[in-house]
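Dear colleague,

Please find the structure below for your examination. My notes on one sheet and one pocket follow it.

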Amino acid sequence: MDLDAFRALEPWCWRAPSAHNTQPWRLRHEPDAIQIGWDPARTLPAADPTGRDLRLSLGAFVETCLIVAADAGLRLEYAADHDERHRRVGWLRPAPDRYPTPFRTTDVWERRTDRGHLAGGVDQDTLAAVDAVARQAGGSVRTVPDAGRLGALLRAADRRLYADPPVVAELRRWLRLDPAHPDYRADGLTDRCLGLSRPAAAGLRVALAGYPALRPLGLPRLLAAAAGDPLAHGGTVLVLVAPEQLDEPGQVDFGRVLLRNWLVLHTAGLAAHPLSQLIDVPATRTVLGALLGVAPQRLLHVARVGRPTRPAPRSARRVVGARA
Ligand SMILES: Cc1cc2nc3c(=O)[nH]c(=O)nc-3n(C[C@H](O)[C@H](O)[C@H](O)COP(=O)(O)O)c2cc1C
């Protein structure tokens with residue numbers, strides 16, 4: 001039965017992206033369906049207090065499961081059934097037909113976040129393609145008209161986040177700055193994925209170990225400066241804009257939109273580097289909303305997008321398949 005056959009495909013489904021690479025999804029196999037839920041120990045209450053990125057990540061996982069199943073010839077569909085109390089977003093269940101998608105498991109496998117140099121930007125056709133995907137769900141994809149202001153906004157957002165001890169403690173929990181870390185190959189953000197040299201990773205480790213005691217000495221400013229200026233590494237900044245009203249199940253749906261868009265970009269030879277801090281910090285979110293002429297609460301995701309200049313390192317996963 002297709003539900004049983006799906007078990008063997010799970011390692012590829014786990015290639016879905018998630019904020020801080022926490023891989024918050026949880027699958028529970030029941031006789032007639034597979035429940036998709038989340039693990040509270042893998043959420044980000046400090047960095048993502050509203051759960052926006054959790055739900056985007058869960059939606060990205062749902063879409064990845066559907067693509068991987070369809071490519072293997074399995075007939076599965078997704079039925080949303082959001083339940084906060086039981087930490088469930090919905091079910092994968094048998095369907096009359098395969099899920100219709102232009103994407104393949106190889107796209108899921110090859111896509112990766114690229115925080116390095118991105119040449120060029122996004123051409124008009126690709127921009128129209130990602131916008132069309134968002135519009136089918138009532139949203140849109142926009143470029144920032146006054147991109148020159150983004151550098152200062154990013155610095156302000158980084159400084160604000162690094163000045164917040166619970167956010168820094170949470171980030172530290174998911175940083176994997178030393179290959180000897182027991183979870184280096186399982187989850188979180190590795191030094192390699194963050195593009196840090198060995199000395200930079202060691203310096204960051206020391207600085208974070210001294211936090212929050214060193215906080216009054218200007219550590220937030222130092223950490224923000226160490227994060228560098230991603231915008232100096234090229235690319236076009238794209239913003240995913242939600243419809244006027246978007247409830248929690250709607251955010252999961254937009255996680256599916258986000259994944260489809262990342263695969264549209266990937267198949268066009270482009271990669272994305274999310275810059276969520278711009279919308280995590282209320283003050284920078286308000287300025288960005290004003291630049292775009294949309295209400296700040298409609299901003300769902302921001303990323304720098306362009307053509308990779310060399311292959312980005314592959315991120316870790318807790319569940320790996322034969323090819324990993
Ligand atoms: C909702 C969401 C928000 C994210 N925000 C950021 C971010 O602000 N900065 C960043 O560098 N990466 C961000 N990422 C990328 C994740 O860190 C990345 O997906 C994860 O480490 C797995 O790596 P991969 O995308 O290469 O598979 C985000 C991903 C998702 C799904």
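In what follows, Ala, Val, Leu, Ile, Met, Phe, Trp, Tyr, Cys and Pro count as nonpolar, Asp, Glu, Lys and Arg as charged, and the others, Gly among them, as polar. The model is predicted: local features require pLDDT of at least 70 and side-chain atom pairs pLDDT 80 or more, while totals for chains, interfaces and linings use all residues. Residues are numbered from 1 along each chain as its sequence is written, and side-chain values use heavy atoms, without hydrogens and water.

The second largest pocket (an open set of points on a 1 Å grid over the protein atoms alone, where a 1.4 Å probe fits, with protein on both sides within 12 Å along at least five of seven lines) holds about 400 Å³ of space, the volume being that filled by probe spheres set on the points, which are joined across faces, edges and corners. Its lining (residues with an atom within 4 Å of a point) comprises 25 residues, with Thr50, Arg52, Ile279, Asp280 and Arg285 nearest the centre. The lining divides into 13 nonpolar, four polar and eight charged residues.

Helices (H or I, at least four residues) and strands (E, at least two) are DSSP runs numbered from the N terminus; two strands pair if DSSP finds at least two bridges between them. An open sheet of four strands runs in the order 1-2-4-3 with antiparallel pairing. Its edge strands, each pairing on one side only, are strand 1 (25–29) and strand 3 (76–83). Strand 3 pairs with strand 4 (residues 88–94) over six bridges in the antiparallel sense, and Asp83 has Arg88 of strand 4 as its bridge partner.

Yours sincerely
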